[in-house]
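Here is a walk through one protein chain, from the overall fold down to a handful of individual residues. Keep the viewer open and follow along.

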Amino acid sequence: MNPEARPRISVLIPVFNAESTLEECLGSVMGQSLESLEIVCVDDGSNDRSLEVLHGFQKADARIRIVTHARNQGEGAARNTGLDRARGHYVFHLDADDLLPPTALERLWRTAVDHNSQLVKGGFSMISETGETLGGKLGIPPDVSINTSLAESDFLKRIPGSHCSYLYQRTFLEEHGLRYRTDMSIGLDLVMLAGALTLASRVSLIPEVVYCYRQTSESATRGQTSLSMVREDLQTKGLVHDTLAHAGFEDAARDVLRRWDWHISAFWMSLPEDLDPAELKKVFQRWRSMIPGGFVPWTPSSPLKHRYFLTLILQRRHPEAIAFLEELRSGIPFERHEQVAQRCADVLALAPEDAEAALFAESQGGCAG
């Protein structure tokens, strides 16, 4: 294809049984102020009316291209198919239940052209199942530099967001062979994003909302925790950590472990009632193997009960960790337990500078050191 004839942006939409939201999603793309688009929809073996909806929209807009998978292959494979078929100068990922504000792609495109960006990230918002905005704008702090890189930006070292709200330069992705993993179902977007950020030297950040993420009853169901989800979540954390570490971003890699303590702890603490000690021990050991010696994997804002729980696992006190989970299920608050002073002392043994644990232990009559 003649480079001048290429669309400015390829919008890539994986579709699987999305008939209830697909019409609104496609409408938000077709109504963009930037008209030089192609909309690559990958139907990943849907068994509802999704493909019929796609063909109906294609008749109304020639920019829509449809690719079909004969059977469901998963999110990673669908996204990779979209990348393989994309012809635009830039690519943008959109989920079939989410929406774009009318000027989102034009704002991203103009920033990319003005600054020769390899990636451009904007803000995003959360919307309800009926399209109502939930909370305010998310994503870009007001004090960050518009042009930066992972080496320069503390904000980017947190691997902010998923692939949504990022515009990618297609030749940059092709040059580095960046694709999604097909062997996982949780966090594959974060693994992809971490790889891209370690390689990009020109990342632009803009405050405007360019993506509306929809919270649905189905996404809430997907958010329910299971032991297999905990394993996959650990796999994601490990892959993101290793990607950053192998690229020489050791501080960012350790920050990943430290900042995600809430997610890890909350996952474990919301497991179903029927705890399997043998399986939990395997998960504990996997997490423990990721933590460097002498490293404290939590932040000062982490709840004290999380810090204590992680302390038990770091010290390989698995029966106590499982008993602690059972205790939390029974409704006994951490702060009211008769041994809370000793628990805070256990935390202090690993993190002597933990001011909150020290004060709490001392107030309970325990040893603060």
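## A walk through the fold

Let's start with how the chain meets itself: among contacts between residues at least 6 apart in sequence, 76% join residues at least 24 apart. Bear in mind as you look around that this is a predicted model.

In terms of secondary structure, you have 15 helices and nine strands to find your way through. The radius of gyration is 23 Å, close to the 21 Å that the globule rule gives for 369 residues, so the protein is as compact as a globular protein of that length. Lay the C-alpha trace along its principal axes and it spans about 75 × 45 × 35 Å. Of the 369 residues, 53% count as buried. As for the outside, the accessible surface comes to about 16700 Å², and 49% of that belongs to carbon and sulfur atoms.

Now for the charges. There are 38 positive and 50 negative ones, and the mean positions of the two sets are 4 Å apart. How many salt bridges does a search of the whole structure find? The count is 22, and a few of them are worth a visit.

Begin with Lys157 and Asp251, whose side chains meet in a salt bridge at 3.3 Å, N to O. Lys157 sits in the loop between strand E7 (147–148) and strand E8 (166–169), while Asp251 belongs to helix H9 (residues 250–259), so this pair ties together parts that are 94 residues apart in sequence. Are the two partners buried or exposed? Lys157 has 14% relative accessibility and the cut-off for buried is under 20%, so Lys157 counts as buried. Asp251, with 46%, counts as partly exposed.

Stay in that loop for a moment, since Ile159 is also found between E7 and E8. Its backbone is worth a look: phi of Ile159 is near 50°, a positive value in a residue other than glycine. For context, most residues other than glycine have a negative phi. Ile159 counts as buried, at 3% relative accessibility. Asn116 also has a phi near 50°, again a positive value in a non-glycine residue. You'll find Asn116 in the loop between helix H4 (104–115) and strand E5 (119–127), and at 42% relative accessibility this residue counts as partly exposed.

Back to helix H9, where Val256 lies. Val256 is buried, with a relative accessible area of 0%. What does Val256 touch, leaving aside its neighbours within four places in sequence? The contacts are Lys237, Val240 and Leu244. Take Lys237: 19 residues away along the chain from Val256, with the two C-alpha atoms separated by 7.4 Å.

Two more salt bridges deserve a stop. Lys282 pairs with Glu279, the closest N and O atoms being 3.4 Å apart. Both residues lie in helix H11 (residues 277–290), three residues apart, or about one turn of the helix. That spacing fits a general rule: an α-helix has 3.6 residues a turn, so residues three or four places apart point the same way. The side chains of Glu174 and Arg179 also meet in a salt bridge, at 2.9 Å, N to O. Glu174 counts as partly exposed at 35% relative accessibility, and Arg179 is partly exposed too, with a relative accessible area of 26%. Elsewhere, salt bridges that share partners join Glu19, Arg49 and Glu52 into one network.

Arg49, from that network, lies in the loop between strand E2 (37–44) and helix H2 (50–60). Arg49 is partly exposed, with a relative accessible area of 40%. To get a feel for distances, compare Arg49 with Arg107: 58 residues apart in sequence, and 33 Å apart in space, C-alpha to C-alpha.

Let's finish with helix H14 (residues 340–350). Which of its residues are buried? They are Val340, Ala341, Arg343, Cys344, Asp346, Val347 and Leu348. The cover over these buried residues includes helix H12 (304–314), helix H13 (318–329) and helix H15 (355–363). Helix H15 is also the place of Ala358, which counts as buried at 17% relative accessibility. From Ala358 to His246, 112 residues apart along the chain, the C-alpha atoms are separated by 36 Å.

Technical notes:
Residues numbered from 1 in each chain as written. Predicted model: local features only at pLDDT ≥ 70, side-chain atom pairs only at ≥ 80, totals over all residues. Heavy atoms only, no water. Buried < 20%, exposed > 50% of the residue type's maximum accessible area, 1.4 Å probe, protein only. Helix = DSSP H or I, 4+ residues; strand = E, 2+ residues; numbered from the N terminus. Contact = heavy atoms within 4.5 Å. Rg over C-alpha atoms; globule rule 2.2 N^0.38 Å. Areas by Shrake-Rupley, 256 points an atom, 1.4 Å probe, with all protein chains shown as cover. Lys, Arg positive; Asp, Glu negative; His and termini not counted. Charge placed at Lys NZ, Arg CZ, Asp CG, Glu CD. Salt bridge = Lys/Arg side-chain N within 4 Å of Asp/Glu carboxyl O.
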